[in-house]
Amino acid sequence: MALDKNGNVYIWGNGTYGEMGNYTTTSSNLPIKTTIKNGIQVSMGAGDIAALTSEGVVWSWGRNTNGQHGINCTNNTAYPMKTVVNVTELSKGGYHTIVKKSEGTVYAAGCNGGGRVATTSTGNSTTYVKIMIPSTVTETNKVKYIKAGI
């Protein structure tokens, strides 16, 4: 996938889960421009795609089998869906999504295998849950950067 200097998002490759974001499950060898406008960051998991816009909105599409879109279901989506707002940073892992909100809090959704969503539950989370950052992270020592792993 690619994000151009004008904030347009392009995607190509496998479309089995709706990754092209064009309401189909077809694949494409050539880049397809999505409907996303004002993109500032893009991230891709294992068949799931997300784009963050300058308005602080995360749009997600593609594979959602573990609830990684945070939309309270596990249905795959073949088109971009508005999934979370007031976001300043986005990162996708294999089957989960992590976002940093404008106030500096961190949320995650999706596969919780190995503690990826950082909850006391061992189950997946189909909605965004707040990650309880240790109390040593204070107002003057906020979370600076997030990154989802495999």
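**Entry 1: a bridge in the second sheet**

Which residue is the bridge partner of Val87 in strand 9? I looked it up, and Val87 is matched with Lys101. Before going on, I noted that this is a predicted model, where local features need pLDDT of at least 70, side-chain atom pairs count only at pLDDT 80 or more, and totals for chains, interfaces and linings use all residues. Residues are numbered from 1 along each chain as its sequence is written, and side-chain values use heavy atoms, with hydrogens and water left out.

Strands here are DSSP runs of E, at least two residues long, numbered from the N terminus. Two of them pair if DSSP finds at least two bridges between them. Strand 8 and strand 9 (residues 96-101) are antiparallel, with five bridges. They belong to an open antiparallel sheet of four strands, ordered 8-9-10-11. Strand 8 and strand 11 (125-130) are its edges with a single partner strand each, so one side of each has no neighbour in the sheet.

I then followed Lys101 further: its charged end sits over the ring of Tyr107, 5.4 Å from the centre. For this, NZ of Lys or CZ of Arg must be within 6 Å of the ring centre and within 35 degrees of the ring normal.

**Entry 2: the other sheet**

I found another open sheet of four strands, antiparallel and in the order 4-5-6-7. Its edges are strand 4 (39-44) and strand 7, each pairing on one side only. Strand 5 and strand 6 (residues 58-62) share five bridges, and Ala51 stands opposite Trp59 of strand 6.

**Entry 3: the core**

A nonpolar core is a set of buried Ala, Val, Leu, Ile, Met, Phe, Trp, Tyr and Cys residues joined through side-chain atoms within 4.5 Å. Buried means under 20% relative accessible area, exposed over 50%, and partly exposed in between (1.4 Å probe, protein chains only). The largest core has 10 residues, including Ala50, Val87 and Tyr107. Strand 5 (48-53), strand 8 (87-92) and strand 10 (106-110) each give two or more residues to this core.

**Entry 4: two rings**

How many aromatic pairs does the structure hold? I found one. Rings of Phe, Tyr and Trp (its six-membered ring) pair if their centres lie within 6.5 Å; planes under 30 degrees apart count as stacked, over 60 as edge-to-face and the rest as tilted. Tyr23 and Tyr79 have ring centres 5.0 Å apart and planes at 10 degrees, so they are stacked. The two are 56 residues apart. Tyr23 is exposed at 62%, while Tyr79 is partly exposed at 32%.
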